[in-house]
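Please open the structure in a viewer and keep the selection panel at hand. The tour below proceeds stop by stop, with a selection to make at each one.

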Amino acid sequence: MIEQSEVMGQPEPTLADHPSAPVDPAGLDTVAQATATPGDLQPYTELGLRDDEYDRIRQILGRRPTQSELAMYSIMWSEHCSYKSSKVHLRQFSEKAPPSDRMLAGIGENAGVIQVSDKLAVTFKVESHNHPSFVEPHQGAATGVGGIVRDILAMGARPIAVMDPLRFGAADHPDTARVLPGVVAGVGTYGNSLGLPNIGGEVVFDPCYQGNPLVNALSLGVLPVDRLQNKAAAGPGNVVVLLGAKTGRDGIGGVSVLASATFDDASEQRRPSVQVGDPFMEKLLIEACLELYDAQLVVGIQDLGGAGLTCALTETAAAAGTGMRVWLERVPLREASMEPHEILASESQERMLLIVAPDRLEAVLKTAEKWGVPASAIGEVTGAEAGVEPGRLLITWHGHTVVDVPPGSLVDDGPVYARPMREPADLILLQADRAETLARPSTPEALRETLLRMIASPNLCDKTWVTEQYDRYVLGNTVLAQPEDSGVIRIDEETGLGVAISVDGNGRYARLDPYHGAKLALAEAYRNVAVTGAKPVAVTDCLNFGSPEDPAVMWQFAEAVRGLADGCAELGIPVTGGNVSFYNQTGAAAIHPTPVVGVLGVLDDVNQRVPMGFARTTGADHDLIFLLGETRLELSGSEWAWVTHEHLGGVPPKVDLAAERTLADLIAEAARVGHLRSAHDLSDGGLAQALVESSLRYNVGARIALPEGFTAGSMPFVFLFSESAGRAMVAVPRGHEKAFTALCVERGVPWTLIGVTDAAGGELEVRDQFTIGLDELRTAFTGTLPRLFGGAATTVPSPQATGAEATETGTDATGPAATGLAGPDAAETQLAGAEPTADVADPEPAATTADPEPEATAAVADPEPAETTTDPVVAPVVPEQPAAPAGERTTPAGGPPNS
Amino acid sequence: MTARIGVVTFPGSLDDRDAARAVRLAGAEAVSLWHDDPDLHGVDAVVLPGGFSYGDYLRCGAIARFAPVMETIAAGARAGLPVLGICNGFQILCEAHLLPGALTRNQHLHFRNRDQWLRIESAGTGWTNTFQPGQEILIPVKNGEGCYVADERTLDELEATGRVVARYVHGNPNGSLRDIAGITNEAGNVVGLMPHPEHAVEALTGPSLDGLGFFTSILKHLAGAPA
């Protein structure tokens with residue numbers, strides 16, 4: 001078996017002092033050497049340490065650090081590892097966190113762990129790998145996936161899915177053609193080779209990311225509650241085992257050099273700082289670790305990622321307050337000539353550090369051998385020396401002591417800065433320059449042209465070119481994947497228990513207002529999870545910002561963290577972990593502040609999940625399309641303002657998290673009782689984008705009528721393209737509308753009946769405005785990325801409509817069919833201007849919707865008085881047809897639950 | 001007595017759990033086989049699942065072909081043991097010379113995962129006997145090196161002897177010659193298929209239930225086979 005020889009070839013795991021090998025101490029910077037030559041000059045500045053930081057190290061050690069110790073401090077005290085600039089702000093996540101009885105592990109662990117049933121827990125986390133991915137797109141992105149997966153593995157979980165929020169420069173910029181294909185191939189190659197379905201993410205283009213793409217990676221894992229692992233190196237006498245790939249020179253200085261400094265022209269020379277991934281080794285590592293967990297062979301475990309062995313050794317020891325004795329020459333090397341400081345700093349991938357009881361060591365090595373993974377006993381846990389608390393980390397190299405430090409001094413005693421903050425000087429002017437004042441399309445022709453242009457724009461267009469390169473089927477539990485609003489994974493085949501997860505962010509909103517921008521990102525991810533019928537329970541975040549040494553950036557960061565912490569408190573879901581990525585800028589130009597937020601939700605039965613596409617109904621049968629929430633004149637920071645006017649200014653849409661919560665509860669309940677055939681979140685591109693996506697998903701058209709107040713001038717445009725938050729579009733089977741709208745009224749969710757689906761028509765009609773064939777929409781929607789990056793577009797609709805659905809039948813018994821007819825009746829009386837029938841047009845919702853919100857109106861200076869939906873219900877003319885017998889009706893897979 | 005169908009796990013196999021699930025859903029017992037163990041534990045048929053065996057850093061399947069379990073499987077296959085190779089399994093069968101031709105890098109050079117229509121060309125094999133010849137089915141395809149190639153004479157012979165089991169229709173996802181998605185050996189007991197039937201066995205997770213047919217076929221075949 002491959003690598004077997006390495007396993008067998010390890011020094012026998014007895015921990016007697018290793019005989020001092022013939023190493024020439026001259027040139028080797030030992031502790032003795034350091035004590036003897038206190039005055040030696042050291043290159044701490046080159047390693048990213050400040051004068052005062054270096055002085056503190058000398059203080060802690062009572063001497064100058066050795067070369068190895070200096071390397072270790074420079075890594076552990078780097079921005080990336082120490083969070084020295086963000087700590088003071090991140091505290092809010094814990095301080096403001098709502099009580100959660102589900103959280104088994106939170107911030108500070110490798111990843112947060114959330115209990116989802118008596119037996120099962122899930123763990124998830126999003127992380128950045130931005131700078132490596134710019135320097136070397138393929139390997140940078142690949143190892144980003146590898147790193148986050150090991151975090152999940154370290155908690156005791158089997159990784160079961162990945163997601164990738166990606167941000168690039170302008171889509172048509174030459175360098176984007178270099179970075180994007182490499183990043184996508186890297187994410188794909190690594191995730192596909194691990195056998196992890198890629199179930200969602202983001203692909204966003206904006207010039208602000210030109211020199212600094214954002215490659216974030218999220219992983220999700222599941223574990224039996226009693227398999228939860230921890231990283232503490234407890235139990236003096238226990239063996240320290242290094243499991244996984246051999247250690248090479250790749251990735252040295254990754255966190256200190258790459259991740260903790262602003263980019264400049266020298267970036268090219270930093271390619272050696274990027275790690276190289278071996279997904280096959282990681283796959284073996286996963287299977288080996290899971291076997292070790294199940295056999296209860298490990299006391300503690302920690303993955304090696306950024307900061308490599310240095311981070312793993314110090315964190316495990318510090319977590320237990322113990323000391324550690326390490327024989328560094330026992331680390332298997334790719335290059336024999338590597339020196340101690342290189343071994344300690346290497347960021348070689350696919351490695352884990354295990355703490356093992358001596359009597360389990362043999363069993364551990366056997367399991368490693370079975371999977372062909374190198375394993376070496378490199379040290380032992382030591383207790384605190386008499387009187388000295390806590391223990392010390394003692395590292396020798398062929399008998400010479402090269403490191404002798406208190407582990408906690410690297411992990412917990414790093415510098416903490418309250419960096420100066422100042423609101424960006426240009427913010428007031430930026431916010432005053434509102435997109436609501438831009439010229440808006442006001443004729444049907446202009447509206448039609450705008451829609452086709454918008455859905456073809458890089459941020460709104462079909463992303464199949466990217467997602468086709470990811471395996472979304474492996475493991476056989478993917479219930480929903482991109483382009484759906486959330487990924488949904490079944491985690492228990494017996495009970496149907498599953499989780500939904502979505503990750504979202506909007507740098508433009510955050511640029512205009514970091515506090516509300518962060519809340520909007522949270523709200524969108526929360527809504528995306530909710531529209532699948534899941535109950536949101538926890539949050540992870542990846543905070544991508546410019547240089548913390550720039551007071552304006554630091555202010556943006558502080559505001560975003562405050563917004564996210566407040567938002568989580570309002571929604572009642574805790575932040576369980578995440579990552580901060582600073583120095584995302586090239587020269588003086590920082591990226592838009594980009595908080596990326598992941599929300600995890602729970603579905604008790606994945607058969608009840610609600611897909612986003614309009615369902616293919618039979619014959620003359622139509623579903624009723626409702627718009628939930630309020631549409632205001634909110635165009636600042638919108639995709640439309642950017643695409644058509646290259647405009648960024650004003651204030652982002654109003655965010656009302658109480659309303660988001662109500663909307664989420666309503667959708668969950670409606671899904672549970674089977675009122676919903678499909679549901680789609682409204683965000684970038686507004687209602688128009690949602691209509692196009694839901695129509696093209698299964699090639700089912702729709703007929704839409706504009707509500708009163710949105711029919712004149714440019715208001716049809718506002719209705720279709722405003723990006724007001726807190727909205728969703730749902731399709732309700734005939735016969736359910738009365739109960740559904742009653743539920744809306746009961747929950748106080750504004751609703752508007754805006755149209756019907758039309759499977760036969762093959763077109764999207766907005767009455768009195770335009771009609772566009774689905775084929776024309778598809779051509780515009782799918783052509784962009786293939787044109788930019790090569791290859792053919794997928795122009796066939798998802799066959800899902802003709803596949804699984806055909807095997808399921810709608811819930812509607814013939815009973816409700818009679819009520820079903822009340823739908824069109826009511827609709828037509830409405831259009832005839834008569835009193836709405838009590839069936840659909842319950843007056844209460846009118847009251848709900850008509851209630852204009854002060855902030856809303858305040859936020860809108862537009863003369864046209866139609867910011868809030870004041871129309872209880874409007875429906876298009878629908879040729880009256882007898883409802884189809886239930887038997888003939890097909891629904892999307894898992895539409896109504898009792899199908 | 002229920003049929004026992006082995007699913008081999010090589011280091012780097014990824015769809016082995018999925019293949020075992022499909023076997024169970026079809027009504028058979030799934031038996032896990034280990035690459036390093038030549039013993040087939042008396043299974044009635046074998047599935048070589050998808051994945052990246054040994055990382056596929058050399059040619060896909062080139063190392064797996066030499067795994068201890070493959071010696072027994074190859075011998076069994078030549079003696080009539082039904083074997084289905086899916087994706088990486090298909091690549092391994094070609095490397096083991098149990099099937100002609102080879103799977104090369106997709107023409108467009110990208111890994112591609114999509115729901116793919118196939119036409120069943122031969123319902124005469126032990127793995128396709130529940131389909132109708134000419135029947136169109138929908139199952140996922142996902143590969144980076146799924147482009148089937150062989151010399152003209154081999155291709156002609158495959159066609160002439162009805163050994164093309166399935167063909168891509170409504171679009172060829174990887175550039176395979178003559179749109180070939182799957183083939184069989186002379187005896188019809190060894191089938192290689194690039195798309196993934198094990199991912200189309202549940203309405204909840206697949207684009208259709210069409211994949212189940214390959215697994216119910218082998219049960220029907222085994223039931224009819226002389227003990």
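In which sense do strand β9 (residues 323-327) of chain A and strand β12 pair, and over how many bridges? The model is a predicted one, and in it these two strands pair in the parallel sense over 4 bridges.

**Stop 1: strand β12 of chain A**

Select residues 393-397 of chain A, which form strand β12. This strand is mostly covered, with 4 of its 5 residues buried. Add A:W327 to the selection; its bridge partner in β12(A) is A:T396. Next select residues 400-405 of chain A, strand β13, which runs antiparallel to β12(A) and is joined to it by 5 bridges. Here A:I395 has A:V403 as its bridge partner. The two strands β12(A) and β13(A) form a hairpin with 2 residues between them. In its turn, A:H398 has a positive phi of about 50°.

**Stop 2: the open sheet of chain A**

Now display strands β14 to β18 and β21 of chain A, which belong to an open sheet of 6 strands with mixed pairing. Their order across the sheet is β14-β15-β16-β21-β17-β18. At the edges are β14 (478-480) and β18 (575-581) of chain A, each of which pairs on one side only. On average, neighbouring strands of this sheet are turned by 20° against each other, direction ignored.

Within the sheet, select residues 535-544 (β17) and 594-603 (β21) of chain A, which pair in the antiparallel sense over 9 bridges. A:P536 can be found opposite A:G601 in β21(A). Helix α20(A) packs on the sheet and touches β16 (498-504), β17 and β21 of chain A. The direction of α20(A) makes about 25° with that of β21(A).

**Stop 3: the nonpolar core**

Keep helix α20 (residues 514-530) of chain A in view, as it gives the largest share of the largest nonpolar core, 10 residues. That core has 335 residues, and those with the most contacts inside it are A:I667 and B:V23. In soluble globular proteins, nonpolar side chains tend to be buried together. Centre the view on A:I667: leaving aside its neighbours within four places in sequence, this residue is in contact with A:A530, A:V531, A:G533, A:A679 and A:A728.

**Stop 4: A:C289**

Move to helix α11 (residues 279-294) of chain A, where A:C289 has its place. Why does A:C289 count as buried? The reason is that A:C289 has 29 C-beta neighbours inside 10 Å, and 20 or more suffice for a residue to be buried. Leaving aside neighbours within four places in sequence, A:C289 is in contact with A:L153 and A:M352. A:A157 is also worth selecting: A:C289 and A:A157 are 132 residues apart along the chain, and their C-alpha atoms are separated by 9.5 Å.

For chain A as a whole, 63% of its 899 residues count as buried. The chain has 31 helices and 28 strands.

**Stop 5: strand β11 of chain B**

Finally, select residues 190-193 of chain B, strand β11. B:V190 and B:G192 point one way and B:V191 and B:L193 the other way, and all are buried. Strand β4 (residues 83-86) of chain B runs parallel to β11(B) and is joined to it by 4 bridges, with B:V83 opposite B:V190. Strand β10 (residues 180-184) of chain B runs antiparallel to β11(B), with 3 bridges between them. The bridge partner of B:I183 in β11(B) is B:G192. The hairpin of β10(B) and β11(B) has 5 residues between the strands, and in it B:G188 takes a positive phi near 80°.

Key. Residues numbered from 1 in each chain as written. Chains lettered and ligands numbered in written order. Predicted model: local features only at pLDDT ≥ 70, side-chain atom pairs only at ≥ 80, totals over all residues. Core = buried A, V, L, I, M, F, W, Y, C linked by C-beta atoms within 7 Å. Buried ≥ 20, exposed ≤ 12 C-beta atoms within 10 Å, placed from the backbone. Contact = placed C-beta atoms within 7 Å. Pairing = 2+ DSSP bridges. Axes fitted to C-alpha atoms, helices over the stretch in contact; angles between N-to-C directions.
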